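Here is a short tour of a structure that may be new to you. Take a look at the sequence and the model, then read on.

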Protein chains: 2
Amino acid sequence: MAQKLNKKPVTGMKDILPAEMQVRDYVIGVITDTYREFGFSHMETPCMESIGNLCSKQGGENEKLIFKVMKRGEKLNVAEAQTEADVVDFGMRYDLTLPLARYYSNNSANLPMPFKALQMGNVWRADRPQRGRFRQFMQCDIDILGDPTNLAEIELISATTTVLGRLGFKDFTVCFNDRQILKAMAAYSGFAEADYDEIFIILDKMDKIGLDGVESELKENGYAAESVEKYLGMFRDMETVEDTLGYLAEKLAGVLPAGLAESIDKILSSVRACAEAQYNLVFDPTLVRGMSYYTGSIFEIKMAELGCSVGGGGRYDEMIGRFTGQKTPACGFSIGFERIITILMEKNFTVPGEREKVAFLMEKDMCTEGTVFVFGEARKARAEGKQVLVAQMNKNKKFQKEQLMKDGYNVFREFYNDSWNK
Amino acid sequence: MAQKLNKKPVTGMKDILPAEMQVRDYVIGVITDTYREFGFSHMETPCMESIGNLCSKQGGENEKLIFKVMKRGEKLNVAEAQTEADVVDFGMRYDLTLPLARYYSNNSANLPMPFKALQMGNVWRADRPQRGRFRQFMQCDIDILGDPTNLAEIELISATTTVLGRLGFKDFTVCFNDRQILKAMAAYSGFAEADYDEIFIILDKMDKIGLDGVESELKENGYAAESVEKYLGMFRDMETVEDTLGYLAEKLAGVLPAGLAESIDKILSSVRACAEAQYNLVFDPTLVRGMSYYTGSIFEIKMAELGCSVGGGGRYDEMIGRFTGQKTPACGFSIGFERIITILMEKNFTVPGEREKVAFLMEKDMCTEGTVFVFGEARKARAEGKQVLVAQMNKNKKFQKEQLMKDGYNVFREFYNDSWNK
């Protein structure tokens, strides 16, 4: 029976200690309350999906990272199996977007229209384990399904930035762009449509390699110098122009879809005017976002202090239709839950409104009457909003108190057999 | 690309609709707050554990129901694999107790002593799918590790019944027994220790087959008539005795461990005296509880209206030691989270303190100024504690409002291009 057991969590996943858990619970509370205020409904899907759905080419690179779940019972015959398909039927979800699409197609008859969804849940990716990146982590997404208008974008950005503000973040930047801007700029420059994806991947490196870097990489990849110069020319112009959106609207007149610049302007103005948090919302024509499923607006939250993104999203009007068979406009915003927790933990964030912690220490072998008395006192203190620990007094009471103080217990009451009722 | 996708969740798991999710969130809130008040710390482990830990014979029948996770990358060779061990390295947890034992052994240096743990999380069991039973479901456990005294039992039962009371449950019954009572009764009757487990399994059917049924089944299984009669005689006596615990203390004097009856009496008296909820706590010498890891007290919550258990637990002083190598007393109480949700949903439970729901409907193509105005109004209403939906007004406004009313929106404001500022 005394078989050797493994004390460590499985590779790449982590145990969460109480101090972090308290911060996580607080953040989840702020998220839930705020998104509810904005009319989002919390919903949930199972953590597993059928392997066919997960491998349907909507997850990009993430599909390579699926934790696959084995068939069970008679359906499983390992010895005779030749390929993965013979032994696997389910997989762990790698994001919350594909499950949302499936959920919506399965339940739309019972959902409001538009459906404003809030999801918070773990996802799993069999990435190479590395510091600060885990193979099980929480995602937190809001999505609006069935709203083709830019009210969806306004709500999503307002709600998400309000959450961040309420968590104490400020001076962050939300970058906003639209895939149609990206495409119009490429079209105007004379690039072939088939090349757009590659061009955008190079453009996406702007942060790291700068305008000149993008220019040389495009040229190295064999794109016509004329196109590259026309393309880069616009980005160079915009470095000095105040109203970049206006500049592009004029420059790309005839190439840009009608009303797009006005729509973007309305989104930016409305969100800015009603902002609760202190932050910047900027139009950023260099913003690309990787996922191929985006069809319109795209956005991303950047925090200067981190040099990385703490959230992003965009419009993906084509994805839901693959399940439902009928086109359903969709737009979503995901916040980097784990990154936010990491930042708060590094800042030694204190959860507001924590209860006072009181420890009641009882002498060993307290009589029944005394025990009843002590638990009655504990009940009263708890009713007053205190967190009460009832424990037996150790022989080394001083050490015991020191340990409890480390855990936040600063008030002590002691109860003895001969004096509990005095 | 137009590959056929599966709309349904995987067999035996379910999508959770917003109405249920709201109840779940509320219940989770009450649980978290109440257990915190009692000094429990929320903690979390990954949903996967190494397959060796999961199959270490502590999970009983549940080990047959593990969802197993495939190895990845180079470690996986399906074509050459002969057995499951060749292709599996992880598994989904089937309960929260085994992960807790691993967690404690991994982190005890950073945990308070005693450690009062709260866990809420999904577990997975590949059970035959059936109505109302799912293959992914939430468990909610509290455990006290490192406390050998009966203060642990008092805290666990008080905290759990307080949660149930705050969720509106009353007149339920908590049955209390101790494995040592079970053993002493069997020893007193002259049964061999090797037969105890089988005898208790038969005793456990008392609810269904009654005293006579238990008697005949014991006899059919070949137990000595004398022992069976001595054994059943005690249960028969106790049907008319008021103080069953006192009866057994006297009857089993010399067989019962010293101080056990007094300890049980102290637990029952203390919990009863400080009860916040209205319920009964009874000593029930017929209570068995299946899991073999229990070593002392055992308890179970019964609701007459359901005829089934909505929670249970007990002391398991031997399990943690298998990981840590040193004996760690442990006692836990698990509430049937999913069952509680089912009951509340069937009762049409309304979550208290819900926000007023207001829908703002905007005419199509509202100008930027008007849009800014409307979102400003939404911000104000949200700040007043209202849940606000901002949506474009449909052509069929009447139908739109009817749909919104189904979703709880009873107050509407309409905004038109030509009059938003009037």
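## A loop residue with positive phi

A:Asp171 sits in the loop between H5 and strand E7 (172–178) of chain A. The model is predicted. In it, phi of A:Asp171 is near 60 degrees. That is a positive value in a residue other than glycine.

## Cis peptide bonds

Which residues of chain A does a cis peptide bond join? They are A:Met113 and A:Pro114, with omega at about -5 degrees. A:Pro114 belongs to the loop between helix H4 (97–107) and strand E5 (115–124) of chain A.

Chain B has a cis peptide bond too, between B:Met113 and B:Pro114. Its omega is about -5 degrees. Look for B:Pro114 in the loop between helix H4 (97–107) and strand E5 (115–124) of chain B.

## Chain A as a whole

Chain A holds 15 helices and 14 strands. Its C-alpha trace spans about 95 × 65 × 45 Å along the principal axes. The radius of gyration of chain A is 28 Å. For a compact globule of 422 residues, a value near 22 Å would be expected.

## Helix H1 against H5

Helix H5 (residues 151–166) of chain A packs with H1(A). The angle is about 140 degrees, and the axes are 9 Å apart. H1(A) is therefore oblique to H5(A). Their crossing is right-handed.

Which residues meet here? From H1(A) come A:Val30, A:Ile31, A:Thr34 and A:Tyr35. From H5(A) come A:Ala159, A:Thr162, A:Val163 and A:Arg166. By class, the contact of H1(A) with H5(A) has five nonpolar residues, two polar and one charged.

## Helix H1 against H13

H1 (residues 18–37) of chain A also meets helix H13 (residues 337–346) of chain A. Their axes come within 10 Å and cross at roughly 125 degrees. Angles from over 115 up to 145 degrees count as oblique, so H1(A) and H13(A) are oblique to each other. H1(A) passes H13(A) in a right-handed crossing.

On the H1(A) side, the contact is made by A:Glu20, A:Val23, A:Arg24 and A:Val27. On the H13(A) side, it is made by A:Ile340, A:Ile341, A:Leu344 and A:Met345. How do the residues of the contact of H1(A) with H13(A) divide? Six are nonpolar, none is polar and two are charged.

## Where the chains touch

Now to the contact between chain A and chain B. Each chain gives 91 residues to it. On the side of chain B that touches chain A, 38 residues are nonpolar, 30 polar and 23 charged.

## How the copies are related

Two copies of a chain are related by a rotation about an axis and a shift along it. What turn lays chain B on chain A? A turn of 180 degrees does so, with a shift of 0.0 Å along the axis and an RMSD of 0.1 Å. The two copies are thus related as by a two-fold rotation axis.

Which residue of chain B has the C-alpha nearest the axis? It is B:Val69, at 2.3 Å from the axis. The same surface serves both copies. Of the contact residues of chain B, 100% recur in chain A.

Notes
Residues numbered from 1 in each chain as written. Chains lettered and ligands numbered in written order. Predicted model: local features only at pLDDT ≥ 70, side-chain atom pairs only at ≥ 80, totals over all residues. Contact = placed C-beta atoms within 7 Å. Nonpolar A, V, L, I, M, F, W, Y, C, P; charged D, E, K, R; others polar. Least-squares fit on C-alpha atoms with pLDDT ≥ 70 in both. Axes fitted to C-alpha atoms, helices over the stretch in contact; angles between N-to-C directions. Helix = DSSP H or I, 4+ residues; strand = E, 2+ residues; numbered from the N terminus. Parallel < 35°, antiparallel > 145°, perpendicular 65-115°, else oblique. Left-handed = near helix turned anticlockwise from the far one by under 90°. Rg over C-alpha atoms; globule rule 2.2 N^0.38 Å.
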